[in-house]
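Visitor: I am new to this structure. Please take me through one part of it closely, then show me what lies elsewhere.

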Amino acid sequence: RPTSWPLLLVVAASACALLPSLCSAGTLPTMLVESGKPKCVLVSVPMDTQLRVDYEAPDIDSGKGPVWITINRSRPMESLRDKMLPGRKQKDFTPLSEEIKAKEGSIKHVIEEDGELSVCVRASPASSKNPMRFGLAVHTGKSKSELTKKRDEEHLSGMEISLERLTDAMEDILDEADFAKEREMVFHNQSRSMAQASVYWPILHLSVLAITGVTMANHIVRFFKTHHII
């Protein structure tokens, strides 16, 4: 039975009235950290992309212990460029680990190789009795503040800064399109491997069954002949 939206609103309002701290978080997607172990989100990013992680940490207290945000490679993408250029070596990924002390801010890191990344929060003061809220949002490209700073430093007009924003957006779209092609190539290779396995596995299975049947039949015939049953 579908849940009534008015009922959900009443429940949410009641929860906010009883526990205001649950409703005081910012606008970013929020997760609850209840231990000192890293809590991560996974993102897929194309190569030569500036990754920007905006964070909110309303419960942070530097006097209780350090809080870190790390960006590390979770799984490299099998690249079409590697297929075309066998001598090409994948660049070593340099993880980023930054201690955060402010309640909100942003961390930037340039991703040189496409793949799957993990963005993790590790809060040593967090525990089941002292949970901590963290808001995380992962973006690519330049932020509005960076574009505003560039406009002020280079004295760009409104038209020029709009062209700069459109150029960055087009580069992101093209990089993502190339990345999508590579992911499609990986999926295609996996599908072909599964299709080949589905062809040869039944043949192998039937061959094993046939050999087993012949062996069992010879064994039975030999048993009957040994005991003069036939």
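Visitor: Which residues line the largest pocket?

Guide: A word first: this is a predicted model. The lining of the largest pocket is made up of Asp48, Thr49, Gln50, Gly141, Lys142, Asp168, Glu171, Asp172 and Asp175. The volume of this pocket is about 150 Å³. Two elements give two or more residues each to the lining: strand E3, residues 49-56, and helix H4. H4 is the top contributor, with four residues. H4 itself covers residues 158-226.

Now look at the character of the lining. Six of its residues are charged and three are polar. None is nonpolar. Asp48 and Lys142 are among the residues of this lining.

Step back to the whole chain for a moment. The protein chain has four helices and eight strands. Starting at the N terminus, the order is α-β-β-β-β-α-β-β-β-β-α-α. The chain has 230 residues, and 25% of them count as buried.

Return to E3, one of the elements behind the pocket lining. Follow Arg52 and Asp54. Their side chains form a salt bridge, with 3.8 Å from N to O. General chemistry offers a background: side chains of opposite charge can pair when their charged atoms come close. Arg52 counts as buried because its relative accessibility is 10%, under the 20% cut-off. Asp54 has a relative accessible area of 19%, so Asp54 is buried as well.

The whole structure holds two salt bridges. The other pair to look at is Arg133 with Asp59. Here the side chains meet at 2.8 Å, N to O. This pair ties together distant parts of the chain: Arg133 sits in strand E8, residues 132-140, while Asp59 sits in the loop between E3 and E4. In sequence the two are 74 residues apart. Arg133 is buried, because its relative accessibility of 12% is under 20%. Asp59 is partly exposed, because its 26% falls between the cut-offs of 20% and 50%.

Stay with the loop that follows E3. Ser62 also lies there, ahead of strand E4, residues 67-76. Ser62 counts as exposed because its relative accessibility is 58%, over the 50% cut-off. Now find Ala102. Ser62 and Ala102 are 40 residues apart in sequence, yet 8.7 Å separates them in space, C-alpha to C-alpha.

Finish on H4, the helix that gives the most to the pocket lining. Phe223 is found in this helix. Phe223 has a relative accessible area of 42%, between 20% and 50%, so Phe223 is partly exposed. Phe223 belongs to a nonpolar patch on the surface, together with Ile220, Phe224 and Ile229. These residues have about 350 Å² of accessible area together. Set that beside the pocket lining, which has no nonpolar residues. H4 thus appears in both stories: four of its residues help line the pocket, and its Phe223 is part of the patch.

Notes
Residues numbered from 1 in each chain as written. Predicted model: local features only at pLDDT ≥ 70, side-chain atom pairs only at ≥ 80, totals over all residues. Heavy atoms only, no water. Patch = residues over 30% accessible without salt bridge, like charges linked within 9 Å, V, L, I, M, F, W, Y side chains within 5 Å. Areas by Shrake-Rupley, 256 points an atom, 1.4 Å probe, with all protein chains shown as cover. Salt bridge = Lys/Arg side-chain N within 4 Å of Asp/Glu carboxyl O. Buried < 20%, exposed > 50% of the residue type's maximum accessible area, 1.4 Å probe, protein only. 1 Å grid on protein atoms, 1.4 Å probe; cavity = no way out; pocket = protein on both sides within 12 Å on 5 of 7 lines; lining within 4 Å. Points joined across faces, edges and corners; volume = space filled by probe spheres on them. Nonpolar A, V, L, I, M, F, W, Y, C, P; charged D, E, K, R; others polar.
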